[in-house]
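Student: I want to test a few labels against their cut-offs. Can we go through them one by one?

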Amino acid sequence: MKSIYYTTFMILTVLLSGCNSGEKKTTDSTNNDNEKFAKLSEQFIEALWKLNPGWASSQGYHKYDSVLVVNDEGHRKEEIAFCERFSDSLKKIDQKSLSPNNQTDYFLIENQLNSAKWYTTTFKSWEWNPSDYNISSQFDNILEGTYAPLDERMKNIGIKLLKVDAYYKAGMANIKNPTIVHTNLGIKQNKGAISVLESIEDSLTKCGLKSEEKDAIKKNIAAAKKSVNSYVDFLEKDVLPKLDEKTARSFRIGKDLFEAKFKYDIVSQYPAEEIYKRALQRKGEIQHEMMKLTRQLWNEQMGKEAMPVDSLQAVRKMIDKLSLKHVHRDSLLTAIKKQMPELTDFINKKNLIYLDPKKPLVVRETPVYQQGVAGAGIDAPGPYDKEANTYYNVTPLTNYTAEKAESYLREYNWYLMQILNIHEAIPGHYTQLIYSNQSPSLVKSILGNGAMVEGWAVYSERMMLEEGYGNNDPAMWLFYYKWHLRSVCNTILDYSIHTLNMSKEDALHLLIDEAFQQKAEAEEKYNRVSLTQVQLCSYFTGFTEIYDLRNEIRKKEGDKFNLKKFHEKFLSYGSAPVKYIRELMLKDETAGGEKK
Ligand code: ZN
Ligand code: ZN
């Protein structure tokens, strides 16, 4: 479950469903603008897919499956022209006259256009990140797809393969002063690309194409393998030996780029620096609370054993002790299944949010082909496949040694497992998804805001405990804080590594000694933060904004405030950035309770 956060984020940015909901029509002019906007967003999506066929296939849109985009000067010019053309068209629509659903879509499109332009002209990872060039997922999405017969998919793959050479040649021409870590990643991942080409070869033998057709595709596969290998050779022999720790570009992107990327990726009302400061403060508060709980639990759990003087050490001891309470390795799935109706009952009894009883979540064993890392997470259908089921995948521990299983079960012990279920399922990701599907727009499905989605899940953990879930058991609160401290420290780590030159040693100290993580988990996190930027801030930023908004509305509404109504209203805007939901909710008199 190490990579739960990461994987769910990836899945959840890709979900929800299509079709436009009926907009409230008021006057003719707003009616007109809403219609104009609906047309524009349709054109925008079609143009977006044409420019990004790989992204399109990953979302279940297959019109451009045979196209492989070569990132050369011409392509980048085309991309900028696309951004400018649609920005101009957006400006011709009066955003204020649109329905709330369209207003948030308007902002999402506007942000996507500004963001794409910034990535191409300013961030320029196409110059310094060799792992930007990798054909694997683009071919894999088509090969593994079930949307069309294998023969048809093979034909598209055959055409797409013809561009592989130009694709990697453009990569070699683009790369200038890359970072060492991204060069190593590019080498490693492109070595993996060979195995994708091998699976294409395997599938070719099983398909029903004529033998001349098969031979032609076979030739293209051989040529593509050569292109991948020469890219790997180029990185290994020409690029990497010339890179020096002291003179090569640093993987730390610096404050300016970090703030800008934060603005485009997270879309928060706060700058990154403000969120970082809030996280620092929060870390201290959480540690203080954990200490209090440890003191409260000590005698009952530890008997006569003396409490360590160092308070962080005392907390660590308590965590280790309580972690021994966990389910048996064979009953993980059963335990999670059993939890779902319990969570539902609690929410209904406390009147926290309406849960649609017609849409139960399907808890199942993770399908074998997805069982890479152990874990549990929501697997939701893409925007063009909305009839499909949503699953809560739980990977069994069958292949684990006794020792590994035990360590995993202690990490996801009795208490933490419940918090995880709240986060992933009810009322976290799964509940948000159902609401999101009711205010659907293709734009929100495709460009949905990750910080809002993760923020809601993180918010729901806190809300449930505040409402008495777990009977205010201090042990439950202790693990809640440990889990929450992880999002808080993700933010501190991300910001400090990229803008404050934090050392690896200090990073590991933060995660291990101050946030009670295992060494392996901390090392993995350090690795991730040196390869990515900003994404680790999304959980805490989204949470902070939602929590602030709730308090703001509660204050405004006084004793008229109704938590259930607040939740339902908040989720009714779909997966839009909290910043925009906030503006719309504060304008709405009835956002948090009855009409005054
Ligand atoms: Zn045990
Ligand atoms: Zn999540």
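Tutor: Start with contact: heavy atoms within 4.5 Å. Of the contacts in the protein with a separation of 6 or more, 79% are between residues 24 or more positions apart. This is a predicted model, where local features need pLDDT of at least 70, side-chain atom pairs count only at pLDDT 80 or more, and totals for chains, interfaces and linings use all residues. Residues are numbered from 1 along each chain as its sequence is written, ligands from 1 in the order in which they are written, and side-chain values use heavy atoms, with hydrogens and water left out.

Student: What makes an atom a donor to the zinc ion (ligand 2)?

Tutor: A donor is an N, O or S atom within 2.8 Å of the metal (3.2 Å for Na, K and Ca). His 423 (NE2), His 429 (NE2) and Glu 454 (OE, listed twice) coordinate the zinc ion (ligand 2) at 2.1 to 2.7 Å. Water is not among the atoms, so sites may look incomplete.

Student: Why is the site of the zinc ion (ligand 2) called irregular?

Tutor: Four donors are tetrahedral if all angles lie between 85 and 135 degrees; they are square planar if opposite donors are over 155 degrees apart and all others between 65 and 115. Here the 4 donor atoms give angles of 52 to 153°, so the site is irregular.

Student: How do you know that the radius of gyration agrees with a compact globule?

Tutor: The radius is taken over C-alpha atoms, and the rule is 2.2 Å times the number of residues to the power 0.38. For 596 residues that is near 25 Å; the protein has 25 Å, so it agrees.

Student: What makes His 423 buried?

Tutor: Buried means under 20% relative accessible area (1.4 Å probe, protein chains only). His 423 and Glu 454 are both buried, as are 56% of the 596 residues.

How values were computed:
Four donors count as tetrahedral if all angles lie between 85 and 135 degrees; four count as square planar and six as octahedral if opposite donors are over 155 degrees apart and all others between 65 and 115; anything else is irregular. Buried means under 20% relative accessible area, exposed over 50%, partly exposed in between (1.4 Å probe, protein chains only).
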